[in-house]
Every structure is written in C-alpha cells, then in structure tokens.
Amino acid sequence: MSEIPQDISHDQYAVRLKKLQDMRDAGSDPFRASCEQTHFSAVALQAYVEGEENTVPVKVAGRLVVIRDMGKSQFVKILDQQGQIQLYVKKDLVGEEAYVAFKRLDIGDIIGAEGTLFKTKTGEVTVRIEKYTLVSKALRPLPEKWHGLTDAEQVYRQRYLDLIVNPESRARLMLRSRIVASIRQTLAGRNFLEVETPVLEGVAGGSAARPFVTHHNALGTDFFLRIALELRLKRLLVGGYDRVFEIGRIFRNEGISRKHNPEFTMLEVYQAYSDFRGMMDLIRAIFTDLCRDVIGSFEIKHAASGEMINFAGEWRVARYFELIDAAVGFPLSALRQSADYRAKATEAAQTLGLDVHAGWETFEIVNEIFSKKIEPTLIQPTFVTHLPKELCPLAKLNLEDSGLIDVFELCIGGMEVAPAYSEQNDPFVQRQMFEQQVGDDQQKMDTDFLLALEHGMPPAGGMGVGIDRLCILLTGAESIRDVILFPSLRPNEAK
RNA sequence: GGGUCGAUAGCUCAAUGGUAGAGCAGCGUCCUUUUAAGUCGUUGGUUCCGGGUUCGAAUCCCGGUCGACCCA
C-alpha cells in the first residue's frame with residue numbers, strides 16, 4: 001500500500017485507503033471470501049407480510065448506494081442484481097461497536113446484512129438490521145447519485161460504473177440477456193439443436209464483408225475471424241442435424257457507427273425440409289414469445305419516429321420490386337430485361353436525390369433505392385420477398401423468375417432485422433454463384449463447403465437475426481453501443 | 001477516411017481574454033422512521049496533452065490524444 005498523505009480530507013481515495021488500513025490494523029479483513037445471501041432484494045420485498053412487522057428474517061447483500069445518517073440510526077440502501085432495498089441500522093440493535101464501524105462505511109462498499117422485514121411510516125418495506133458485515137471495501141468513489149454517469153466515454157470504458165449508477169442502463173442490458181434466453185427457449189421448444197462452430201476459419205465465407213486476420217503460430221498459418229455462421233451450420237445439415245442454430249459472435253473489419261460494432265452477435269437458424277416460408281412462421285413465433293414473456297406487450301414504441309410498432313396480427317408481405325416501383329413512381333421493374341434498365345434505374349435513383357457511383361452494378365443502384373428510400377419507411381413488421389438474386393448468392397432461385405430468389409428480408413422499425421432464405425442446395429448452381437461473387441479471387445471460395453453440398457444437403461429454410469439490432473428495436477436504444485456491454489473503443493490507458 | 005462538436009474538482013455542470021465557482025460526494029459537527037433526508041462549518045484544480053498569440057489564456061490560434069454526431 002502506498003504512503004498515505006497527512007491531510008487526506010479532500011482525497012477520497014486516500015480516505016478510503018486509510019479506513020482499509022485501520023481495519024486491517026484492527027485485525028479484520030474487509031475483503032471477505034464469502035457472504036450468505038438468502039434473498040435477492042426484490043424477493044425480500046415480496047416476502048414482507050402486511051402487518052407482520054419484524055417476523056420475516058432475511059439475509060441480503062449488495063453495494064451501498066445511499067446513506068442517510070441520522071446520528072444514532074441510519075437508513076441506507078443496497079443494490080443487488082434485482083435492484084435496491086432499504087436497510088435500517090439502529091445503534092440499540094447492532095450495538096455500540098458495530099454501529100461506530102457502520103458509520104465509517106462508504107458509498108460503494110459491499111456489505112452483507114441480516115435482519116427482519118418491516119414497513120416504515122412512509123410505507124417502504126425495509127430490513128431492520130441486527131447484524132452486518134463489510135465484505136468488500138470500495139476504494140474509489142461512485143459517480144454522483146442524482147445525475148449518474150453521463151460521460152459517454154466513461155460509460156463505455158467503465159461500464160460497471162454505468163451499471164451501478166444508471167438504472168436505465170442496467171435494465172436495458174439485462175433485458176438483452178432475457179431476450180437471448182427467450183430465443184433459446186423458443187428454438188429448444190421446436191427441437192432445434194444449439195451448436196458452436198469455429199470462430200477461426202481458413203476461409204471467411206457466408207457473407208461479403210472484410211474479415212479480421214490473425215495468425216496461428218504452431219500451424220504457421222493465417223486465420224480469418226468468421227464473418228457469418230452460415231457455411232458451418234449448413235455442413236451440419238449435410239451431417240444430419242435437421243434443425244440447428246447458433247448464437248455467436250461474428251467479426252467484420254469495417255466502420256463503427258451507431259448501427260455497427262466490429263464484433264456483433266448473430267443468430268442463424270437452419271431447418272431441413274422447410275423453406276423461407278417456414279422461417280416466416282419461426283420468426284413470428286420468436287417475436288410472439290418475446291412480446292409475451294420478455295416485453296410484456298405486443299406493441300413497442302419505435303424510438304426514432306414515436307410510432308407504435310404492432311407485432312400482433314398479420315405481418316405485411318411485399319415484393320421487393322413492388323416497393324421499388326412505388327418508390328420511384330413508375331414501373332421500373334418492367335424494364336429489368338430491357339437494354340435501358342440501368343439508365344432508367346440511375347435516373348430514378350438520382351431523381352430521388354441519391355448518389356449513383358459509376359462502378360456500381362445495376363442491382364446495386366436499385367438496392368440503393370431500397371436501402372435509402374424504402375427500408376427506413378418500413379416501421380411495421382414487413383416481409384420483403386422476391387429479391388434480385390445478386391443480393392444473396394446462397395439462396396434458391398425462384399421457379400417462376402430465375403432472376404429472383406426465394407427469400408425474405410424482415411424489416412421492422414426501418415431496419416433490416418432478419419433475412420431468411422430457401423437455402424441453395426444445388427452444388428452446381430452454388431459454385432456458379434460463388435464464382436460470380438468472388439470474381440478472380442478463388443482463394444475466397446469455400447471449396448470444402450461445395451464438397452459438402454456434393455454429398456447432398458436437404459432442402460432447408462435458413463434465417464439470420466442480428467441480435468444487437470433486435471435489442472435496439474426492443475429496448476428503444478439509440479445506438480448499438482447501448483445494447484453491447486463492452487462496445488469496441490480505441491484502446492486507451494486508464495486515466 | 002472526411003466534416004461538425006466536445007474534454008474544467010471523484011461525479012454533474014458554471015465561469016465577457018482579467019483572482020477558476022456551484023450542487024452532489026469527501027472531511028468535521030448536530031440529529032433514533034429518512035426518501036435527491038435535513039443542519040452548521042470546511043477541504044479539494046497539471047482547466048485532456050504540446051506549442052503559439054497576448055501585459056495577461058479554461059477562453060483566441062496551430063498540432064496531437066480520446067469521445068460524440070453526421071457523411072463515406
């Protein structure tokens with residue numbers, strides 16, 4: 001322990017260090033190895049029986065977050081996983097020595113306490129403390145109780161402080177845990193197997209994104225961090241896992257924004273002998289369970305627009321090109337086979353005020369219209385179907401129009417939430433689509449996956465759900481950083 | 001990567017180019033049912049870092065670091 005200066009009254013760290021040293025000098029250890037807890041705060045509050053004062057015993061534990069000292073008695077509050085509970089500490093009850101020691105506790109200290117439940121004259125259920133133990137000393141002061149912690153950088157770098165002092169952050173991030181748990185439960189109830197597949201891949205396939213590269217020393221080779229789960233999970237379809245899913249972290253070496261974190265969480269689900277329509281049923285079931293069990297409502301307020309998003313009833317189904325034609329104001333899609341399709345698409349995009357880059361393929365120009373002018377307007381749940389095949393090289397082609405694919409993009413709240421496909425299982429078509437996608441760079445082609453397809457993959461529906469964006473939607477968060485416990489930041493020495 | 005904005009006490013925030021302040025927290029006092037408890041007193045600053053302009057810089061200028069927002 002470092003030297004403690006003479007006048008420490010202004011230095012909260014030094015004051016606390018001094019208290020720690022005094023306790024150690026007196027032979028008591030302020031960092032205990034265990035502490036008995038019979039009740040979480042919320043459980044204790046429910047255990048109170050109206051009119052039965054000081055009959056129900058509880059042992060609670062948590063961090064001191066409020067201290068109201070009234071001389072010979074104190075009201076304090078502790079915070080545990082479930083929230084706060086008030087404790088009443090009285091000199092008569094705990095004894096002189098313990099009371100004096102209690103007065104030396106600081107906000108932030110973690111204590112265990114036992115006593116009985118009663119209701120104060122203002123009606124708050126409170127634990128009347130008979131015994132307490134300091135189980136972990138906090139050497140640093142907490143942020144201010146009223147405003148909490150607002151400095152964005154500190155909120156992200158020291159998330160634990162945000163969780164302690166900002167109840168809305170606690171609630172939002174805990175809701176994420178419950179959302180993921182609910183999804184697992186829904187899928188388990190439908191006989192899906194949860195699996196884990198490699199993060200380190202020789203080929204980063206399944207999507208078009210720039211991967212992170214790392215190096216394995218013993219093998220003397222570079223690996224890519226996965227950018228999707230798809231190709232591994234489909235190998236499991238080949239292997240006879242008919243219903244399989246993974247909730248896993250994927251990594252994309254691209255920009256950081258309110259909607260993008262370099263690592264994020266994806267749910268991918270595959271169901272053999274189903275197709276993209278089956279995935280519509282599945283995603284409806286996932287949302288129904290989420291609304292019922294986690295959110296407690298089938299309506300959620302869309303944070304950006306204030307509009308109520310309704311998850312009950314039928315969800316809108318709309319064809320991609322119907323939406324495009326409506327947005328541009330003329331039947332652009334009728335020209336898809338004609339020579340001036342590109343020119344008309346460019347003109348339409350520019351009329352809508354969009355920049356068209358010279359190097360873009362025509363489907364990219366049209367998709368710019370979709371992502372900038374249509375997707376943001378799809379607030380209510382909408383299945384967008386019949387997308388152009390260039391957008392998803394892993395989907396089955398539509399039987400009536402081979403330029404389209406059997407897929408949907410589920411858009412909610414102006415965001416793409418879940419794409420789903422009837423999965424491509426023809427190894428020849430798949431190879432062709434890969435070749436178009438990778439161009440000359442054959443290194444990027446997952447030939448081992450094509451080999452797996454040649455062994456036969458059952459027809460299947462597959463779906464991906466961006467868990468972070470789903471959480472943004474369901475929690476009303478403004479940024480992906482608000483639903484990720486520790487978002488990616490530039491490394492920085494602690495201040 | 002580009003543009004705009006920001007960084008002041010542990011936290012939340014003030015401060016015409018002229019002695020850096022407040023609230024909470026801390027320290028000391030009073031108070032045995034408080035609810036942002038109350039009461040009296042009181043300590044605390046490398047104004048993000050490095051240059052420059054100026055008699056004088058938290059404030060103006062340049063560079064950097066970190067962050068936020070928008071764009072790519």
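**Surroundings of Tyr-132 and the second largest pocket**

Leaving aside neighbours within four places in sequence, Tyr-132 is in contact with Ala-98, Ala-101, Phe-102, Leu-105, Gly-112 and Ala-113 in this predicted model. Tyr-132 belongs to strand β5, which covers residues 125–136, and its relative accessible area of 16% places it among the buried residues, because buried here means under 20%. Two of the contacts involve polar atoms: the backbone oxygen of Ala-98 lies 2.9 Å from a polar atom of the Tyr-132 side chain, and the backbone nitrogen of Phe-102 is reached by the side chain of Tyr-132 at 3.0 Å. Gln-437, by contrast, is separated from Tyr-132 by 305 residues in sequence and by 66 Å in space, taken from C-alpha to C-alpha.

The second largest pocket holds about 540 Å³ of space, and its lining is made up of 29 residues, of which Lys-145, Gly-148, Val-165, Asn-166 and Pro-167 lie nearest the centre of the pocket. Two or more lining residues come from each of the elements β1 (57–69), β3 (83–90), α5 (152–157), α6 (159–165) and α7 (167–188), and α7 gives the most, with five residues. When the lining is divided by class, 14 residues are nonpolar, seven are polar and eight are charged. Domain 1 (12–136) and domain 2 (165–315 + 380–482) both contribute residues to this lining, and the second largest pocket therefore lies between the two domains.

How values were computed. Residues are numbered from 1 along each chain as its sequence is written. Chains are lettered from A and ligands numbered from 1 in the order in which they are written. This is a predicted model: local features need pLDDT of at least 70, side-chain atom pairs count only at pLDDT 80 or more; totals for chains, interfaces and linings use all residues. Side-chain values use heavy atoms; hydrogens and water are left out. On a 1 Å grid over the protein atoms alone, a cavity is a set of points where a 1.4 Å probe fits but cannot get out, and a pocket is an open set with protein on both sides within 12 Å along at least five of seven lines; lining residues have an atom within 4 Å of a point. Grid points are joined across faces, edges and corners, and a volume is the space filled by probe spheres set on the points. Helices (H or I, at least four residues) and strands (E, at least two) are DSSP runs, numbered from the N terminus. Ala, Val, Leu, Ile, Met, Phe, Trp, Tyr, Cys and Pro count as nonpolar, Asp, Glu, Lys and Arg as charged, and the others, Gly among them, as polar. Domain bounds come from an automatic or database domain assignment. Buried means under 20% relative accessible area, exposed over 50%, partly exposed in between (1.4 Å probe, protein chains only). Contact means heavy atoms within 4.5 Å. A polar contact is a pair of N or O atoms within 3.5 Å; within protein, one must be able to donate a hydrogen and the other to accept it, and residues adjacent in sequence count only if both atoms are side-chain atoms.
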